[in-house]
Amino acid sequence: MHYTEIAVALGNKCNAECRMCCFSANNLGNKQLNLSVISDFLKTAEKVEEISTIHFTGGEAFLYYDMLLILVELCNKIGKKATVITNAFWAKDEYTSCQKLYQLKEAGLYAIGVSYDQYHAEFVPAEYIRNVIRVAKKVGLKPSIQVTIAEKSKNGYWLDELGCDLVDVIVNFIACDNVGRALDYISEDAYIRRTKPHGCVCRKGGVFSVLFDGTVWPCCSPVVYHTDLCIGNIYNELHTVNDALEGMQKNPVLKVLRNKGFDYFLDIIKKNRLFEIPNEIISSCELCRMLFSNNQLKVLEPFLYEKLVNDNECVKYEL
């Protein structure tokens with residue numbers, strides 16, 4: 001895990017209530033990062049050369065527009081690229097879109113991503129997405145679209161609605177995770193489970209995240225927030241980016257995961273018959289939750305320690 005990026009969730013408020021939302025965000029969300037605290041934390045990234053990019057998200061990041069603008073300017077001052085992801089609820093016409101995106105571009109924004117799929121389409125018209133794409137290209141921002149997909153669903157009908165505006169736009173497809181509101185609104189047979197647990201590798205390890213409550217996590221997957229892998233909090237012990245990086249470096253579970261991979265844990269579970277891991281999973285993120293949620297980690301920890309001692313591993317393991 002070599003960290004080069006930071007993801008910052010500004011708050012948990014959102015104007016939409018998408019059925020797959022990992023945070024179950026809505027208009028009642030009242031958690032928000034303190035601007036002064038997160039600013040002081042991000043300023044310390046200036047001297048951390050390996051950190052190149054800082055991503056801003058929510059909730060819905062544009063509900064915190066003034067805060068977003070200040071933080072983008074800060075990133076520019078400390079020599080880091082800044083990006084943001086949005087549902088584009090604010091892009092009702094090209095004039096409004098141009099006002100906001102030009103201002104953000106002038107502040108130093110490098111790229112803008114839009115979350116759009118069958119779930120977001122229930123709240124935001126495709127025309128708003130087209131406005132963001134068109135204006136982003138005009139002002140020199142790199143546009144992309146993040147799409148959540150599920151089995152047996154109309155995943156791609158909106159592609160026709162966006163049409164030729166998708167030219168030169170990166171589209172990232174991600175499988176729906178079984179966390180947040182999805183647990184109540186997405187049927188079990190809709191999750192795309194085609195990945196074998198053995199051989200899985202962490203694909204999110206280059207980005208650590210700061211959640212809207214100040215907690216710091218070792219990746220940017222929403223699934224990690226359902227594990228026991230919290231590193232600390234920027235309001236308490238983690239005052240600098242280096243504090244966070246050091247915390248992740250010293251974390252015993254992450255240390256073993258970095259050096260041994262998921263298979264090391266799976267072999268211990270199988271040998272000692274600790275608990276069941278299904279034959280197919282959504283992704284390595286789901287596997288991470290299965291292994292490192294608080295209850296499972298308590299079961300695994302004694303056997304992990306015993307294995308490390310027996311193998312004479314130079315890893316200090318203590319929770």
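This presentation describes the sheet, the helices, the interior and a few backbone details of one protein chain.

Good morning, colleagues. The structure before you is a predicted model, and every value I quote is computed from that model.

Let me begin with the sheet. Nine strands make up an open sheet, and their order across it is E6-E5-E4-E3-E2-E1-E7-E8-E9. The pairing within this sheet is mixed. Which strands stand at the edges? They are strand E6, residues 170-175, and strand E9, residues 232-233. Each of the two has a single partner strand, so one side of each has no neighbour in the sheet.

I shall now walk from E2 towards the E6 edge. Strand E2 covers residues 53-57 and strand E3 covers residues 81-86; the two pair in the parallel sense over four bridges. Within this pair, Phe 56 is opposite Val 84 of E3. Helix H2, residues 65-77, belongs with E2 and E3 to a right-handed β-α-β unit.

The next strand in our walk is E4, residues 109-115, which runs parallel to E3 and is joined to it by five bridges. Here Thr 86 faces Val 114 in E4. Between E3 and E4 the chain passes through helix H3, residues 94-107, in a right-handed β-α-β crossover.

E4 and E5 also run parallel, joined by five bridges. Gly 113 is found opposite Ser 144 in E5. The connection from E4 to E5 goes through helix H4, residues 126-139, and this β-α-β crossover is right-handed.

Finally, strand E5, residues 142-149, runs parallel to E6, with six bridges between them. Two of the residue pairings here are Val 147 opposite Phe 173 in E6, and Thr 148 with its bridge partner Ile 174.

I turn next to the interior. The largest nonpolar core contains 94 residues. Which of these touch the most other members? They are Ile 38, Leu 42, Phe 56, Leu 101, Phe 208 and Phe 292. We have already met Phe 56 as the residue opposite Val 84. Setting aside residues up to four places away in sequence, the residues that Phe 56 touches include Val 8, Leu 10, Leu 42, Leu 68, Leu 71, Val 72 and Val 84. There is also a second, separate core of 14 residues, with Ala 16, Ala 25, Ala 190 and Ile 282 among them.

Let us consider the cavity. There is one cavity of 30 Å³ or more, and the space in the largest cavity is about 140 Å³. Its lining consists of 16 residues, and the closest to the centre are Cys 202, Cys 219, Val 224, Phe 262 and Cys 288. Helix H8, residues 252-260, and helix H10, residues 284-292, each contribute at least two lining residues. H10 gives the most, namely three residues.

How many residues of H10 are buried? Nine of the nine are, so this helix is largely enclosed by the rest of the structure. The buried residues of H10 include Glu 286 and Arg 289, as well as Leu 287, Cys 288 and Leu 291.

Leu 287 and Leu 291 lead us to Leu 266, which is in contact with both of them. Leu 266 is located in helix H9, residues 262-272. Is Leu 266 buried or exposed? Its relative accessibility is 5%, and because buried means under 20%, Leu 266 counts as buried. Other contacts of Leu 266, leaving aside neighbours within four places in sequence, are Pro 197, His 198 and Ile 277. Pro 197 is 69 residues from Leu 266 in sequence, yet their C-alpha atoms are 8.2 Å apart in space.

I close with the backbone. Most residues other than glycine have a negative phi, and most peptide bonds are trans. Three places in this model merit a look against that background.

First, a cis peptide bond, with omega about 15°, joins Gly 58 and Gly 59. Gly 59 is in the loop between E2 and H2.

Next, Ser 24 has a positive phi, near 55°. Ser 24 sits in the loop between strand E1, residues 5-9, and helix H1, residues 35-43. With a relative accessibility of 31%, Ser 24 counts as partly exposed.

Lastly, Ala 88 has a positive phi of about 70°. This residue lies in the loop between E3 and H3. Ala 88 has 0% relative accessibility and so counts as buried.

Thank you for your attention.

How values were computed. Residues are numbered from 1 along each chain as its sequence is written. This is a predicted model: local features need pLDDT of at least 70, side-chain atom pairs count only at pLDDT 80 or more; totals for chains, interfaces and linings use all residues. Side-chain values use heavy atoms; hydrogens and water are left out. Two strands pair if DSSP finds at least two bridges between them. A crossover is right-handed if, with the strands pointing away from the viewer, the path from the first strand over the helix to the second runs clockwise. A nonpolar core is a set of buried Ala, Val, Leu, Ile, Met, Phe, Trp, Tyr and Cys residues joined through side-chain atoms within 4.5 Å. Buried means under 20% relative accessible area, exposed over 50%, partly exposed in between (1.4 Å probe, protein chains only). Contact means heavy atoms within 4.5 Å. On a 1 Å grid over the protein atoms alone, a cavity is a set of points where a 1.4 Å probe fits but cannot get out, and a pocket is an open set with protein on both sides within 12 Å along at least five of seven lines; lining residues have an atom within 4 Å of a point. Grid points are joined across faces, edges and corners, and a volume is the space filled by probe spheres set on the points.
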